[in-house]
Each structure stands twice: as C-alpha cells, then as structure tokens.
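Me: I have a structure open and would like to go through the reasoning behind some of its labels. Could you take a look with me?

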Amino acid sequence: MGVRFGLFGTGFWAAETHGAALAAHPGATLAGVWGRDTAKAEELARVLGTRPYADVDALLADVDAVAIALPPDVQGDLALRAARAGRHLLLDKPLALTVEAADAIVTETRGRGLASVVFFTSRFSESVNDFLRRAADDGGWDGVRATLFASIFQPGNPYGASPWRRERGGLWDVGPHVLSVVLPVLGPVEEVTAVRGPRDSVHVLTRHRDGAVGSLSVTLDAAPESGAFSVDLHGEHGWRSVPGGDRSAVEAYGSAVDRLLAQIADGPGDPCDVRFGREVVAVLAAAESSADSGRAVRTAEATGTGPVAWE
C-alpha cells in the first residue's frame, strides 16, 4: 500500500507538483486532500483520484505523513500540528516566516524522531548536489555572487496572484532557492546586511562563519527582459557557476518523496530536513530585519540562540 500521505493545499503548486508526484509515486499512497477552500479540495481530490477532507484532524488521523503546499505562515502552524500528531513532514520552502515558528517544528520533530524534508527544488537534482559536494570538498572560497530576478506578475503566471508572495516578496520566495545552494558550500551565516531596491528587490550581504562573504540580489518583480538566475562562487579556484537542476519539478519532488521514505525506514536525518529549513529561515529573518532597520543584524546562530543539535 505504501506510506499514506495527506496533501494540504489546493493551489497550482499543490496540484501540478506535490499532488502529481505523490499520485504517481510507487512507494506512496495519496490518502486525501485538505484545503482552505472546500470546493477546490473536492475538485483536486477528484483529479488525483483520492478523497477530499473537510477537517484537518480527520486527515491527520488517516495518514503516516503530510505534504504541505500552503503559504509559509499556514504551513508552519499545520506542520507543528502534524508533528505533534506523530506525522512525518514533507514541506515546502520557506519552512516558516519566523525563527520561533521554525524552532518549534524542529524541536517537535526531533523529540518525536520524525522524518522531515523541506523541498528546495534544485537540491533534489543530482547534478546540483554533486557540484555542491565537490565545491565544499575543494574549499578555498572567498564568497558568492548570486542573482535571482523573477517576474511573476505578468499575465498568465500562476503565482502572480499569491497574496503571501506579494506581501513578503522575493526575499522569502526565491531567497530560499539561493541560500539552499550557498549554505552547503560557504557554511553558516553569522551576520547579514540588507537594503531594498527598485522593483521590490532586496540586496543582501552575508558574512559566513569562516569569513566568506556572499552578495545576493532577489526580486519577484523584475522587468521581463532582466530575468536572471545565477549563483557564482569565487576564490582560489577562480569562478564556478552552480548548475541549474536537471529534473522537472515533479521529478525533483519524487526524489524528495524518496528521501523522506528512506528516513522513515532508516531513521531521521537529511541535508534538507527541517534543521536546514530553519537555518535558511534564520538568514531570511535577519535580512528582513536589516532591511527594515538599516543596520547589520547577527543571525540566531551567531547570537547563541540556534536550534538544539539533533542527537
């Protein structure tokens, strides 16, 4: 029968990526769908060949794991609720919108020995992971220059009407993609300085524990002609560009399911588990605070309030 998953969310990403991958995965059974809009949950359940649920707790009671594709503040609350019910977690990025909410998920997951994966899309392509492993082993990096300029507010874009993306912008939506490939190579961030620029852009300097400095620029409202996604390491090896993923979103999500199932069988722990998701949230929260205050901000890790280590 496979591990029973409950899908929380009914939007484009939930339907076209999470739901499609779960419905096709040989090791998973999509047991049901819950959404904040009951009619949409019923329609998506019909399309995916599963059952709609009107009650969160009823779906939690019928599954082994949850897949969540909802705004990060909603995801944070549901993930904590699911963990307290003893359910494994397959979450989207960012994990939450505050360090405190992310900490609560990490603590509950750790305390109950639950498996967890946060879906940073490119981190589920082996071409990317192979590059990051080699770069980390090589060392000698002075920093990184990264630009992710998306343009989602054009006609026909399925994400353009998303209220949380309009409110929180590129820092929280595409910023996690950049950090997911920077942190494994340059290590933890201790201090962040950020400023806001035109077209709702945010420009971030990160000082990493070993001395490297990152320069990251992100927006969701770039001029269509200026869209870009590049992450370039520099140091004693010259310049190296982090490759793009070599899998579709559905294929990458299938790999995320594989990695969650492996943890369920063998024990928790994954490079993209909730601990890593929390590390990303800490950098984003520091960047937002810096942009708002006009000063450098030390991250939770640097101030000694980082999460408890996994034992």
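What follows is a friendly exchange about a predicted model.

Me: Happy to start with the rings. What makes Trp13 and Tyr159 an edge-to-face pair?

Reply: Their centres are 6.4 Å apart, and rings pair when the centres lie within 6.5 Å. The planes stand at 65°, and an angle over 60 degrees counts as edge-to-face, so Trp13 and Tyr159 earn that label.

Me: Why is this pair said to link distant parts of the chain?

Reply: Trp13 lies in helix 1, while Tyr159 lies in the loop between strand 7 and helix 7, and the two are 146 residues apart.

Me: And why is Trp13 called partly exposed?

Reply: Its relative accessible area is 22%. Buried means under 20% and exposed means over 50%, with partly exposed in between, so Trp13 falls in the middle class. Tyr159 has a relative accessible area of 22% and is partly exposed too.

Me: Now to Phe119 and Phe124: why is that pair called tilted?

Reply: The ring centres are 5.5 Å apart and the planes meet at 45°. Stacked needs under 30 degrees and edge-to-face over 60, so 45° leaves tilted as the label.

Me: How do you know whether Phe119 is buried or exposed?

Reply: Its relative accessible area is 0%, and the limit for buried is under 20%, so Phe119 is buried. Phe124 also counts as buried, at 0%. Both residues belong to one aromatic cluster, whose members include Trp13 and Tyr159.

Me: Why does Leu80 count as buried at 15%?

Reply: The cut-off is under 20%, so 15% puts Leu80 in the buried class. Leu80 sits in helix 4. Beyond its neighbours within four places in sequence, Leu80 is in contact with Ala104, Ile105 and Glu108.

Me: What makes the charged end of Arg51 sit over the ring of Tyr53?

Reply: The distance to the ring centre is 4.3 Å, and the rule asks for within 6 Å, together with a direction within 35 degrees of the ring normal. Arg123 sits over the ring of Phe276 in the same sense, 5.5 Å from its centre.

Me: Last one, on the open sheet: why are strand 12 and strand 13 called edge strands?

Reply: Each of them pairs on one side only. They stand at the two ends of the order 12-11-7-10-9-8-13. Within that sheet, strand 8 and strand 9 pair in the antiparallel sense over eight bridges, and Val192 has Thr206 in strand 9 as its bridge partner.

Terms used: Residues are numbered from 1 along each chain as its sequence is written. This is a predicted model: local features need pLDDT of at least 70, side-chain atom pairs count only at pLDDT 80 or more; totals for chains, interfaces and linings use all residues. Side-chain values use heavy atoms; hydrogens and water are left out. Rings of Phe, Tyr and Trp (its six-membered ring) pair if their centres lie within 6.5 Å; planes under 30 degrees apart count as stacked, over 60 as edge-to-face and the rest as tilted. Helices (H or I, at least four residues) and strands (E, at least two) are DSSP runs, numbered from the N terminus. Buried means under 20% relative accessible area, exposed over 50%, partly exposed in between (1.4 Å probe, protein chains only). Contact means heavy atoms within 4.5 Å. Two strands pair if DSSP finds at least two bridges between them.
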